[in-house]
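Q: Please take a close look at a single part of this structure. I should like one connected account that begins with one residue and proceeds to the regions described with it.

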Amino acid sequence: MDLIIKNGTVVTASDTFVADIGVLNGRISAIADAIEADSRTKIIDAAGRLVMPGGVDVHTHLDTPGLLADTEDDFLSGTIAAAHGGTTSIINFCPQIKGSGLLESLAEHRRRADPKAVIDFALHSIVSDPSERTLAELSSLPGEGVTSFKVFMAYKGDTMVDDGTLIRVLDEAQANGALVMVHAENGEAVEFLRDRFAGEGKLSPRYHALSRPPRVEAEATARAIALAELASASIYIVHVSCGEALEEVIRGKRRGVDVHAETCAHYLHITDAVFDTPGFEGGKYVFTPPPRGSHQPKLIWDALARGDLEVVSSDHAPYNFVGGKDIGRDDFRQIPNGAPGIEERMTLVWQGVANGQLSPNRFVDLVATTPAKIFGLYPCKGTIAVGSDADLVIWNPDITRRLTRDDLHSAVDYTMFEGMEVLGAPETVISRGDVIVQGGAFTGATGRGRYIHRGTVSTSRPARQETQRS
Ligand code: DUC
Ligand code: ZN
Ligand code: ZN
């Protein structure tokens, strides 16, 4: 045995029990009451701690060039930050480089990621130039281990696709065992509202939120789910932020559409009250969909507890405040859309356990097990079982601390949660049997993370129907 984690309380998505975990060659090789060590075995005593699967964050934007700015973290700083937060696998979005194909864009993204990542990573492809050539390439992506594609229903004139493209991508994905991830906002309506506010001289960050109200998200969510239904395809709605969109997800599930939906940790804690702060502080919170009204976080927490929302991701899209966000100081349309959160994610969701809204098992399910299952990483990742990768987080549930940017590890210059008091913290993080974080220090090696070649996704896809019922 290379490593034994002794006396911890093991928490999986389904069970809680005290046991030792033995690790050999990077994998879990035994789970038992008491495992014998030999002379070369490293021992970690986890008495009084929870031992959980390392987090799986399926929505990150490391090393991503943007229209207005580039994201601040590369695969080194971004994955180190993830590891400090308890996350041991990510799926990053590979943008389609303008004028390039999807496969070429993937190869370029791998060139950037492979030498730097410190935890294991997989990739989704963003389809932003839906030419015939691009659509023809979709069937080759699963062969590269990329079994999910993201399309945008917003950002008119940039990455937005029309309904005809969306249904074709859904159909192609369905035929190839892949999953379509949709950014659901009605891009035409957003454009109309942005122009109207700008015409009235309303250009502060608050108007970012007011030009993307809940109905904009709900309408597109309903439309995307209807198109998936018509194509007999599975669909994954990213970053659900409000009760209105959630209602459409629930409606789709009820009529049998294979719809999956995530929220992001910031929707659990941040509301549109952030736009009441003086000056340009609100610029830090320009993410999409935007911060919602004060009644919304409870709706999202309840949906996580019930199971209508299945995953909490970070949507880590870090833009510096100084020299990034503040480009839009005088015009919200110039503020890069996105915010950091890769390190904070698990702690933010844990607050639901701390205040009784979620069980520890449900926490594990939301931040590790179900994301791994949906995206073809399970059971290598996302659980504690003999044969699974030894990706583990040893969690101290009793510690209280204040989040502050100076203690975090992203290269970005702020956290949205500055000063927030939180309960619980990851203490030791293990990736394929290597201790990569201990006592607040990173102990891994640059580039040790491996690319995960994903299998086809595990969804309950309905059989394609010749005719739809009328
Ligand atoms: N959508 C995302 O998923 N991330 C950043 C910005 C956006 O619009
Ligand atoms: Zn999006
Ligand atoms: Zn995103």
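A: Cys242 is buried, its relative accessible area being 0% (buried means under 20%, exposed over 50% and partly exposed in between, with a 1.4 Å probe and protein chains only). The model is predicted, so local features require pLDDT of at least 70 and side-chain atom pairs pLDDT 80 or more, whereas totals for chains, interfaces and linings use all residues. Residues are numbered from 1 along each chain as written, chains are lettered from A and ligands numbered from 1 in the order written, and side-chain values use heavy atoms, without hydrogens and water.

The closest cysteine sulfur to that of Cys242 belongs to Cys264, and at 12 Å it is too far for a bond. With a disulfide taken as a pair of cysteine sulfur atoms within 2.5 Å, the count is zero. Cys94 likewise takes part in no disulfide, the nearest cysteine sulfur, again that of Cys264, being 20 Å away. Cys94 is buried, at a relative accessible area of 1%.

The next residue in the chain, Gly243, opens helix H8 (residues 243-254), whose axis comes within 9 Å of that of helix H9 (residues 296-306) and crosses it at roughly 25°. H8 is therefore roughly parallel to H9, a description reserved for angles under 35 degrees (over 145 is roughly antiparallel, 65 to 115 roughly perpendicular, and the rest oblique). The axes are lines fitted to C-alpha atoms, for helices over the stretch in contact, and angles run from 0 to 180 degrees between N-to-C directions. Helices (H or I, at least four residues) and strands (E, at least two) are DSSP runs numbered from the N terminus. H8 supplies Gly243, Glu244, Leu246 and Ile250 to the contact, and H9 supplies Gln296, Leu299, Ala303 and Arg306, where contact means heavy atoms within 4.5 Å.

Before H9, in the loop that follows strand S12 (259-264), lies Gly282. At 5% relative accessibility, Gly282 counts as buried. Leaving aside residues up to four places away in sequence, Gly282 touches Pro205, Val274, Phe275 and Thr277. Its C-alpha atom is 9.1 Å from that of Asp272, 10 residues away along the chain.

His239 brings the account to the metal sites: together with Lys150 (NZ) and His183 (ND1), His239 (NE2) is a protein donor of the zinc ion (ligand 2), at 2.1 to 2.6 Å. Donors are N, O and S atoms within 2.8 Å of the metal (3.2 Å for Na, K and Ca), and water is not among the atoms, so sites may look incomplete. Along the chain these donors follow the spacing K-x32-H-x55-H. Lys150 in strand S9 (residues 148-152) and His183 in strand S10 (residues 179-183) are 33 residues apart, and both are buried.

A separation of 4.4 Å divides this zinc ion (ligand 2) from the zinc ion (ligand 3). The protein donors of ligand 3 are His59 (NE2), His61 (NE2) and Asp315 (OD), at 1.9 to 2.1 Å, spaced H-x1-H-x253-D in sequence. His59 belongs to strand S6 (residues 55-60), while Asp315 lies 256 residues away, in the loop between strand S13 (311-313) and helix H10 (345-354). His59 and Asp315 are buried.

That loop leads to H10, which is largely enclosed by the rest of the structure because nine of its 10 residues are buried. Among them are Arg345, Met346, Leu348 and Trp350. After H10 comes Gly356, with a positive phi near 85°.
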